[in-house]
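Work through the exercises below with the model open. Try each task before reading its solution.

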Amino acid sequence: MSVIGDRLESMGIVLPQLFAGPAGTDVRFDLVHVVGDLAYVSGHGPMDGSRPLVLGKIGRDLTLEQGRDAARMTGLSILASLQNELGELDRIRGWAKVLGFVNTAPGFNRTPAVIDGFTDLILDVWGDSGRHARSAVGMAELPYDIPVEIEAVVVLG
């Protein structure tokens with residue numbers, strides 16, 4: 001097994017099923033697109049296969065802590081897609097940029113705290129190599145009412 005795979009296992013982390021698109025749809029884009037030494041990760045939500053793990057707006061349907069959990073779940077979905085594309089998560093040498101979208105109720109403005117759920121996961125698994133530039137923005141709606149969508153750019157070695 002790989003170093004990152006061993007680390008995930010020691011943390012009790014099992015990756016979800018690969019994102020298959022919402023039920024009844026056909027994914028017509030790459031979940032991960034590799035160009036040179038960069039992997040561009042399309043927007044992911046808290047999914048297990050085609051099943052959303054959580055739905056709703058942060059600040060109305062879900063608490064901040066539930067939003068952080070959704071961001072962490074989204075990170076696991078991203079890792080599943082990266083593993084599928086790269087074969088080994090050990091090919092990731094660093095995380096360059098992360099963009100987090102948060103499905104927010106009016107007045108909710110703690111979007112960075114929600115996306116911390118993703119960042120904490122990446123830092124726990126990759127340590128300093130997981131440090132990344134990041135933006136976190138609130139949105140009026142996200143696809144299929146998922147609470148969080150995250151995209152990323154990772155550096156490959």
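**Exercise 1. Describe how helix α2 packs against helix α3: give the angle, the axis distance and the residues in contact.**

Solution. Start with the geometry. Helix α2 (residues 64–86) and helix α3 (residues 111–126) pack at about 45°, and their axes are 7 Å apart. Axes are lines fitted to C-alpha atoms, for helices over the stretch in contact, and angles run from 0 to 180 degrees between N-to-C directions. Therefore α2 is oblique to α3; angles under 35 degrees count as roughly parallel, over 145 as roughly antiparallel, 65 to 115 as roughly perpendicular and the rest as oblique.

Next, the handedness. The crossing of α2 past α3 is right-handed (the near helix is turned clockwise from the far one by less than a right angle; anticlockwise would be left-handed).

Now list the residues. From α2, the contact includes Leu64, Gly67, Arg68, Ala71 and Arg72. From α3, it includes Ala113, Val114, Ile115, Phe118 and Trp126. Contact means heavy atoms within 4.5 Å.

Last, sort by class. The α2–α3 contact has 12 nonpolar, 3 polar and 4 charged residues. Ala, Val, Leu, Ile, Met, Phe, Trp, Tyr, Cys and Pro count as nonpolar, Asp, Glu, Lys and Arg as charged, and the others, Gly among them, as polar.

Two notes on the source. This is a predicted model, where local features need pLDDT of at least 70, side-chain atom pairs count only at pLDDT 80 or more, and totals for chains, interfaces and linings use all residues. Residues are numbered from 1 along each chain as its sequence is written, and side-chain values use heavy atoms, with hydrogens and water left out.

**Exercise 2. Do the same for helix α1 and α3.**

Solution. Helix α1 spans residues 3–10. Its axis comes within 9 Å of that of α3, and the two cross at roughly 115°. Ile4, Arg7 and Leu8 of α1 meet Asp124, Val125 and Trp126 of α3. By class, this contact has 4 nonpolar, no polar and 2 charged residues.

**Exercise 3. Is Ser77 buried or exposed, and what does Ser77 touch?**

Solution. Locate Ser77 first: helix α2 holds this residue. Its relative accessible area is 1%, so Ser77 is buried (buried means under 20% relative accessible area, exposed over 50%, partly exposed in between, with a 1.4 Å probe and protein chains only). Then check its partners. Beyond residues up to four places away in sequence, Ser77 touches Pro16, Phe19, His44, Gly45 and Met47.

**Exercise 4. Which backbone oxygen does the side chain of Ser42 reach?**

Solution. Find Ser42 in strand β2 (residues 38–44). Its side chain reaches the backbone oxygen of Asp30 at 2.6 Å. Leaving aside neighbours within four places in sequence, Ser42 contacts Phe29, Asp30, Leu31, Ile150 and Glu151.

**Exercise 5. Place Ala96 and list its contacts.**

Solution. Ala96 sits in strand β5 (residues 92–103). Ala96 is partly exposed because its relative accessibility is 32%. Outside four places in sequence, its contacts are His132, Ala133, Val153, Val154 and Val155. Compare sequence with space: Ala96 and Arg134 are 38 residues apart in sequence, with 8.6 Å from C-alpha to C-alpha.

**Exercise 6. What is the phi of Tyr144, and what is that of Asp145?**

Solution. Recall the background: most residues other than glycine have a negative phi. Tyr144 has a positive phi near 60°. Asp145 also has a positive phi, about 70°. Tyr144 is in the loop between β6 (133–139) and β7 (148–156), and Asp145 is found in the loop between β6 and β7. Finish with accessibility. Tyr144 is exposed at 57%, whereas Asp145 is partly exposed at 27%.

How values were computed:
Helix = DSSP H or I, 4+ residues; strand = E, 2+ residues; numbered from the N terminus. Polar contact = N/O pair within 3.5 Å; in protein donor to acceptor, adjacent residues only side chain to side chain.
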